[in-house]
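Subject: Structure handover

Hi there,

Here is the structure I promised to pass on to you. Have a look at it first, and then read on for what turned up.

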Amino acid sequence: MKQRVDIQTLLSHSDSEEQRLTSVALLSLGVVESLVGGAMTASEAVEAFFHADNCLYVRRQLRHKIADEIMGRAVQLPDIFDALPAEEAQREFQREVGAIRTLCLSLLDDKRMAA
């Protein structure tokens, strides 16, 4: 995937913080599922979605702890493969992707409970 997703542009018409957070959670969950299914590599996910501009937008504009943690964990996924032997990297990658998925679902559940 060569196309970069710009969260700020996508969410510019959202009326509320709740909509923006829900959108970030759903988009992140979609990217995570693409990683798990092998449709994207960790590097492609960072290039397309978990890049610095989106991380900064989430941190500075949304200012939500869980959303910020999702982005922070995801942006580091390619580093796992640089730092660890292949087998260990794969296990750690699966753990991190699972943690990101859980955070996304938690964020969605928080928004549902608030409604």
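Arg63 sits in the loop between α4 and α5, the latter covering residues 65-75. Bear in mind that this is a predicted model. The backbone of Arg63 may catch your eye: its phi is positive, at about 45 degrees, although Arg63 is not a glycine. With a relative accessibility of 66%, Arg63 counts as exposed, because the cut-off for that class is over 50%.

Next, the helix that comes before that loop. Helix α4 (residues 52-62) packs with helix α2 (residues 17-36), and their axes are 12 Å apart at an angle of about 155 degrees. An angle over 145 degrees counts as roughly antiparallel, so that is how α2 runs relative to α4. As for handedness, the crossing of α2 and α4 is left-handed. On the α2 side, the contact is made by Glu17, Arg20, Leu21 and Val24, while α4 contributes Tyr57, Val58 and Leu62. Sorted by character, the residues of this contact come to 5 nonpolar and 2 charged, with no polar ones.

Staying with α2, you will also find Ser28 in that helix. Is Ser28 buried or exposed? Its relative accessibility is 0%, so Ser28 counts as buried. Leaving aside residues up to four places away in sequence, Ser28 touches Phe49, Phe50, Ile70, Met71 and Cys104.

That last neighbour of Ser28 leads to the cysteines. How many disulfides are there in the model? The count comes to 0. Why does Cys55 not form one? The cysteine sulfur closest to that of Cys55 belongs to Cys104, and it is 13 Å away, which is too far for a bond because a disulfide needs the two sulfur atoms within 2.5 Å. Seen from the other end, the sulfur of Cys104 has that of Cys55 as its closest cysteine sulfur, again at 13 Å and too far for a bond. Both residues are classed as buried: Cys55 has a relative accessible area of 15%, and Cys104 has one of 0%. The cut-off for buried is under 20%, so the 15% of Cys55 falls within that class.

To have the places to look at in one list:

- Arg63, for its positive phi of about 45 degrees
- the left-handed crossing of α2 and α4
- Ser28, buried in the model at 0% relative accessibility
- Cys55 and Cys104, with 13 Å between their sulfurs

Happy browsing, and best wishes!

Definitions and conventions: Residues numbered from 1 in each chain as written. Predicted model: local features only at pLDDT ≥ 70, side-chain atom pairs only at ≥ 80, totals over all residues. Heavy atoms only, no water. Buried < 20%, exposed > 50% of the residue type's maximum accessible area, 1.4 Å probe, protein only. Axes fitted to C-alpha atoms, helices over the stretch in contact; angles between N-to-C directions. Helix = DSSP H or I, 4+ residues; strand = E, 2+ residues; numbered from the N terminus. Parallel < 35°, antiparallel > 145°, perpendicular 65-115°, else oblique. Left-handed = near helix turned anticlockwise from the far one by under 90°. Contact = heavy atoms within 4.5 Å. Nonpolar A, V, L, I, M, F, W, Y, C, P; charged D, E, K, R; others polar.
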